[in-house]
Amino acid sequence: MNKIPIIFDCDPGHDDAIALIFAFAQASLDIKAVTTVAGNAGLDKTLINAKKILGLLGRRPLLAAGAAKPMFRNLVTAPQVHGESGLDGPAIPLPDYPEEKVNAVELMRRLITESPEPVTIIATGPLTNLGILFTAFPEVKKNISTISLMGGAIGAGNWTSAAEFNIYVDPEAADIVFSSGVPLVMSGLDVTTKALIMKDEIDVIRSLGGAVPVLTADLLDFYFQFYKKNGYPGAALHDPCAVACLTHPALFTGRRYHVVVETKGKHTDGMTLADLRPYSDAKPNAIVNMDIDRKEFIKVLTEACAAYPKA
Ligand code: BDR
Ligand code: CA
């Protein structure tokens with residue numbers, strides 16, 4: 001099987017953590033590097049959290065830290081969702097795992113340039129690293145096959161009524177990515193708020209036994225509290241959608257739209273605006289995932305947790 005070469009750019013974050021756990025269990029992915037960005041928490045914390053998850057999984061991809069703040073704005077973080085550490089809940093040991101000496105942007109540039117086949121990027125945090133990459137090294141775009149990103153919404157936002165968190169944090173970077181010409185798959189809130197995991201499904205994962213399932217369930221328990229408080233029947237697995245739509249595309253239903261990012265709105269900063277007009281001649285720049293087979297998605301996530309060694 002030809003594996004898909006991947007760079008995984010993230011801001012862990014509970015759902016980023018679950019996305020990493022899911023991704024590293026997929027035989028179809030060859031994850032060359034994990035890169036981190038400030039978002040759910042500051043860059044120092046998202047790097048530590050990435051190390052903890054990779055340590056838990058026993059995996060050692062190249063790891064590099066990227067941007068500590070958005071391209072042109074102050075950083076906004078999400079402690080009300082993920083806690084002060086960005087990954088509150090269970091104690092996960094911090095492995096001795098030195099990151100690369102180079103910045104994430106330089107690591108991405110090198111890996112994409114040197115790759116014999118086009119690289120796919122999974123992006124589950126603010127798009128700052130990619131915005132900087134495309135500004136500094138636009139030539140890399142031609143060797144990227146797809147960016148599968150969690151971000152945005154065609155319908156309601158979550159951080160503001162118009163904007164989803166990842167896009168809201170760095171709209172200028174998102175604008176650069178959405179107008180880059182690189183094929184995009186957008187898993188926004190339209191689909192990710194349907195990708196819910198329920199309490200009894202978390203318990204099934206825990207009952208598998210072993211460090212990965214138990215800590216995955218403990219992370220989900222913490223994350224679930226925020227959604228419960230906000231009236232959801234389950235926790236929204238936003239970031240895993242950006243992975244699963246590559247590995248299990250049959251679970252998703254998407255539509256092609258031309259999507260732009262609002263960077264100057266009084267009430268709409270960070271909004272992703274899709275051209276929904278049936279007669280529009282704007283060329284689609286993204287496949288926008290709108291629906292998911294939730295039950296099957298939870299099944300493959302559970303199988304991914306079960307695939308890790310029990311020790
Ligand atoms: C996104 O915001 C973050 O809090 C999550 O990790 C996810 O990437 C959802 O809006
Ligand atoms: Ca995230």
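In this predicted model, residues up to four places away in sequence being left aside, N40 touches D11, G13, D16, T77, A78, P79, H82 and F165. N40 itself is placed in the loop between β2 (29-36) and α2 (43-57). With a relative accessibility of 5%, N40 counts as buried, because a residue is called buried when this value is under 20%. Among the residues that N40 touches, H82 is also a partner in a polar contact, in which the side chain of N40 and the side chain of H82 are 3.2 Å apart.

The side chain of N40 is also involved with ligand 1, since one of its polar atoms lies 2.6 Å from an oxygen atom of that ligand. The residues around ligand 1 are D15, D16, N40, H82, T124, M150, N158, E164, F165, N166, H238 and D239. For D239, a polar side-chain atom is found 2.6 Å from an oxygen atom of ligand 1, while for N166 the corresponding distance, again from a polar side-chain atom to an oxygen atom of the ligand, is 3.0 Å.

The largest pocket of the model has a volume of about 380 Å³, and 27 residues line it, of which N158, L189, F226, Y227 and H238 lie nearest its centre. Two or more residues of this lining are given by each of the elements α1 (14-23), α3 (79-82), α6 (165-169), α8 (189-192), α10 (211-229) and α11 (238-247). The largest share, three residues, comes from α10. In terms of residue character, the lining of the largest pocket divides into 11 nonpolar, 10 polar and six charged residues. Two of the residues nearest the centre of the pocket, N158 and H238, are also listed among the residues around ligand 1.

A further position to consider is G157, which lies in the loop between β5 (144-150) and α6. When residues up to four places away in sequence are not counted, G157 touches A162, A163, E164 and L189. Of these, E164 is one of the residues around ligand 1, whereas L189 is one of the residues that lie nearest the centre of the largest pocket. The C-alpha atoms of G157 and P213 are separated by 31 Å, the two residues being 56 residues apart along the chain.

How values were computed
Residues are numbered from 1 along each chain as its sequence is written. Chains are lettered from A and ligands numbered from 1 in the order in which they are written. This is a predicted model: local features need pLDDT of at least 70, side-chain atom pairs count only at pLDDT 80 or more; totals for chains, interfaces and linings use all residues. Side-chain values use heavy atoms; hydrogens and water are left out. On a 1 Å grid over the protein atoms alone, a cavity is a set of points where a 1.4 Å probe fits but cannot get out, and a pocket is an open set with protein on both sides within 12 Å along at least five of seven lines; lining residues have an atom within 4 Å of a point. Grid points are joined across faces, edges and corners, and a volume is the space filled by probe spheres set on the points. Helices (H or I, at least four residues) and strands (E, at least two) are DSSP runs, numbered from the N terminus. Ala, Val, Leu, Ile, Met, Phe, Trp, Tyr, Cys and Pro count as nonpolar, Asp, Glu, Lys and Arg as charged, and the others, Gly among them, as polar. Buried means under 20% relative accessible area, exposed over 50%, partly exposed in between (1.4 Å probe, protein chains only). A polar contact is a pair of N or O atoms within 3.5 Å; within protein, one must be able to donate a hydrogen and the other to accept it, and residues adjacent in sequence count only if both atoms are side-chain atoms. Contact means heavy atoms within 4.5 Å. A residue is near a molecule or strand if one of its heavy atoms lies within 4 Å of it.
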